[in-house]
Amino acid sequence: MNHKSRIISPSRPTLHFIARFIFARMDRVVSGIRPTGRLHLGNYFGALKNFLQMQHEHQCFFFIADYHSLTTHPNPQNLKGNVRTVLAEYLACGLDPDQCTLYIQSDLPQTAELYLLLNMHAYVGELERSTTFKDKVRQQPDNVNAGLLTYPVLMAADILIHRAAKVPVGKDQEQHLEMTRTFGNRFNRIYKSDIFPEPVAFNFGKQLVKVPGLDGSGKMGKSEGEGNAIFLSDAPDVIRKKVMRAVTDSGPTVSNSPKPEAIQNLFTLMSIVSKPETVKYFEEAYNNCSIRYGDMKKQLAEDMVVFTTPISEKIKETEADTSLLQKAISIGKEKAHQSANETLKLVRTAIGFSV
Ligand code: ADP
Ligand code: TRP
């Protein structure tokens with residue numbers, strides 16, 4: 001090293017100190033996806049796309065929410081397989097274990113401890129009012145377990161265990177975030193502390209995203225009906241078949257008429273995967289009543305194939321690489337423990353556990 005460069009280059013401890021200082025000031029980010037099936041375009045555009053960008057700009061914790069998936073009683077083989085799949089899909093999409101903390105929720109039992117503590121100040125009445133709880137009661141009346149009722153408390157524990165300020169999620173999770181703020185604020189007030197910040201749902205676009213499904217109504221989801229979701233790992237022919245079967249109608253007869261929900265959904269999907277000129281072309285065709293839904297669906301399917309093909313190839317490669325998957329998860333577990341232990345120490349002291 002020459003004399004000049006020795007003067008201007010900071011020493012390793014100084015660099016370390018600067019890095020820690022910057023890291024400590026960065027907003028913390030938490031988000032999770034349940035291992036209940038393969039990831040679809042809704043997961044990608046509602047959540048993962050933001051994860052990919054945020055990992056370079058924030059201190060991020062992304063996890064696979066396997067505790068949460070137990071509300072539907074998966075068998076051990078399925079659970080194990082699904083966790084592995086989601087992990088491979090996270091990595092294949094570009095999540096980098098060196099840039100963010102990537103872990104499995106059940107590898108961080110500190111979350112369960114915080115969940116227990118938050119449960120003491122979560123009221124049955126407010127939990128019963130949650131829209132997702134009411135939906136689940138309707139969907140699975142024979143399995144209304146306490147885990148379903150306290151699902152929002154566990155989600156709050158996931159977020160608060162890292163004292164996160166931002167939570168990249170789709171629009172369907174807004175109410176859960178509101179409940180997280182309620183539980184965090186309540187804890188701060190009761191224990192006269194300021195441990196928990198107020199986390200907000202986050203999306204890089206102007207609004208939270210809701211990606212519609214292909215069955216004419218509602219959101220794209222893993223557990224909606226057959227053919228509703230396009231999975232990142234779907235083969236091109238499967239995508240073409242699903243899109244061609246999407247619900248449409250006989251077409252507009254009056255120019256500039258409002259779009260029925262099923263048609264609006266196709267346009268929304270197109271605005272997500274296609275070029276703006278393509279969307280504009282079909283918008284104009286709709287407005288002057290010359291649209292042919294068959295052509296629109298063909299184009300939509302091709303644009304989806306162009307988007308998913310490189311990802312699905314990478315998923316296959318990643319899924320086969322057991323040592324890569326194990327390495328990613330063990331680095332994540334260690335980093336997650338460090339952050340969670342810091343929070344639990346503050347929480348336990350505030351409650352009065354320590355002598
Ligand atoms: P699913 O609803 O398919 O079971 P999850 O509940 O595990 O998927 O959702 C994981 C993440 O993906 C959450 O942040 C959720 O908001 C987001 N997400 C899921 N479906 C959609 C969708 N159709 N549009 C936008 N975001 C979505
Ligand atoms: N409840 C989320 C869903 O159903 C998954 C989830 C669990 C989550 N814990 C979280 C998302 C914490 C964000 C932060 O999609």
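A polar contact is a pair of N or O atoms within 3.5 Å. The model studied in these exercises is a predicted one, and each exercise below works through one part of it.

**Exercise 1. Ligand 2 and its polar contacts**

Find which side chains place a polar atom beside a nitrogen atom of ligand 2, and decide whether the distance for Gln-173 falls inside the cut-off of 3.5 Å.

Solution. Begin with Gln-173, where a polar side-chain atom lies 3.1 Å from a nitrogen atom of ligand 2, a distance that falls within the 3.5 Å allowed for a polar contact. Next take Tyr-151, whose side chain brings a polar atom to 2.7 Å from a nitrogen atom of the ligand, and then Asp-158, for which the distance from a polar side-chain atom to a nitrogen atom of ligand 2 is 2.7 Å. As for how far the protein covers this molecule, ligand 2 exposes 360 Å² when taken alone, and the protein buries 91% of that.

**Exercise 2. The shell around ligand 2**

Describe which elements supply the residues around ligand 2, and how these residues divide by class.

Solution. The elements that give two or more residues to this shell are β1 and α10 (151-160), and of the contributions made, that of α10 is the most, with 4 residues. Sorting the shell by class then gives 6 nonpolar, 4 polar and 2 charged residues. Among the residues around the ligand are Ser-31, Gly-32, Phe-63, Met-155 and Val-169.

**Exercise 3. Ligand 1**

Work out what surrounds ligand 1, and which residues offer it backbone or side-chain polar atoms.

Solution. Start with the shell, which consists of 18 residues, the closest being His-40, Gly-170, Asp-172, Val-211 and Lys-219. By class these shell residues divide into 6 nonpolar, 7 polar and 5 charged, and the element that gives the most is helix α3 (residues 41-54), with 4 residues. Then go through the contacts one at a time: an N or O atom in the side chain of Lys-219 is 2.7 Å from an oxygen atom of ligand 1, a polar backbone atom of Met-220 is 2.8 Å from a nitrogen atom of the ligand, and a backbone N or O atom of Gly-42 lies 3.2 Å from a nitrogen atom of ligand 1. Finally, ligand 1 taken alone exposes 530 Å², of which the protein buries 95%.

**Exercise 4. Strand β2 and its partner**

Determine whether the residues of strand β2 (residues 59-64) are buried or exposed, and how the strand is joined to β1.

Solution. The count comes first: 6 of the 6 residues of β2 are buried, so that the strand is described as mostly covered, where buried stands for under 20% relative accessible area. Now look at the two directions in which the residues point, for Gln-59, Phe-61 and Phe-63 point one way from β2, while Cys-60, Phe-62 and Ile-64 point the other way, and all are buried. Strand β1 (residues 28-33) runs parallel to β2 and is joined to it by 6 bridges; in one of the pairings, Val-29 has Cys-60 of β2 as its bridge partner.

**Exercise 5. Three salt bridges compared**

For three of the 16 salt bridges in the structure, state where the partners lie and how accessible they are.

Solution. Side chains of opposite charge can pair when their charged atoms come close. In helix α8 (residues 131-139), Asp-135 and Arg-138 lie 3 residues apart, about one turn of the helix, and their side chains meet in a salt bridge at 3.3 Å, N to O. Asp-135 counts as partly exposed because its relative accessibility is 29%, whereas Arg-138 counts as exposed because its value is 62%.

The next pair is Glu-283 with Lys-259, whose closest N and O atoms are 2.9 Å apart. This salt bridge links distant parts of the chain, since Glu-283 sits in helix α14 (residues 276-287) and Lys-259 in the loop between α12 (236-244) and α13 (261-273), 24 residues apart. At 24% relative accessibility Glu-283 is partly exposed, and Lys-259, at 23%, is partly exposed.

The last pair is Glu-317 with Lys-314, with 3.6 Å between the closest N and O atoms. Because these partners are 3 residues apart in helix α15 (residues 293-319), about one helical turn separates Glu-317 from Lys-314. Glu-317 is exposed at 53%, while Lys-314 is partly exposed at 37%. Beyond such pairs, salt bridges that share partners join Arg-38, Glu-89 and Glu-319 into one network.

Methods:
Residues are numbered from 1 along each chain as its sequence is written. Chains are lettered from A and ligands numbered from 1 in the order in which they are written. This is a predicted model: local features need pLDDT of at least 70, side-chain atom pairs count only at pLDDT 80 or more; totals for chains, interfaces and linings use all residues. Side-chain values use heavy atoms; hydrogens and water are left out. A salt bridge is a side-chain nitrogen of Lys or Arg within 4 Å of a carboxyl oxygen of Asp or Glu. Buried means under 20% relative accessible area, exposed over 50%, partly exposed in between (1.4 Å probe, protein chains only). A residue is near a molecule or strand if one of its heavy atoms lies within 4 Å of it. A polar contact is a pair of N or O atoms within 3.5 Å; within protein, one must be able to donate a hydrogen and the other to accept it, and residues adjacent in sequence count only if both atoms are side-chain atoms. Accessible areas come from the Shrake-Rupley method with a 1.4 Å probe; for residues, only the protein chains shown count as cover. Ala, Val, Leu, Ile, Met, Phe, Trp, Tyr, Cys and Pro count as nonpolar, Asp, Glu, Lys and Arg as charged, and the others, Gly among them, as polar. Two strands pair if DSSP finds at least two bridges between them.
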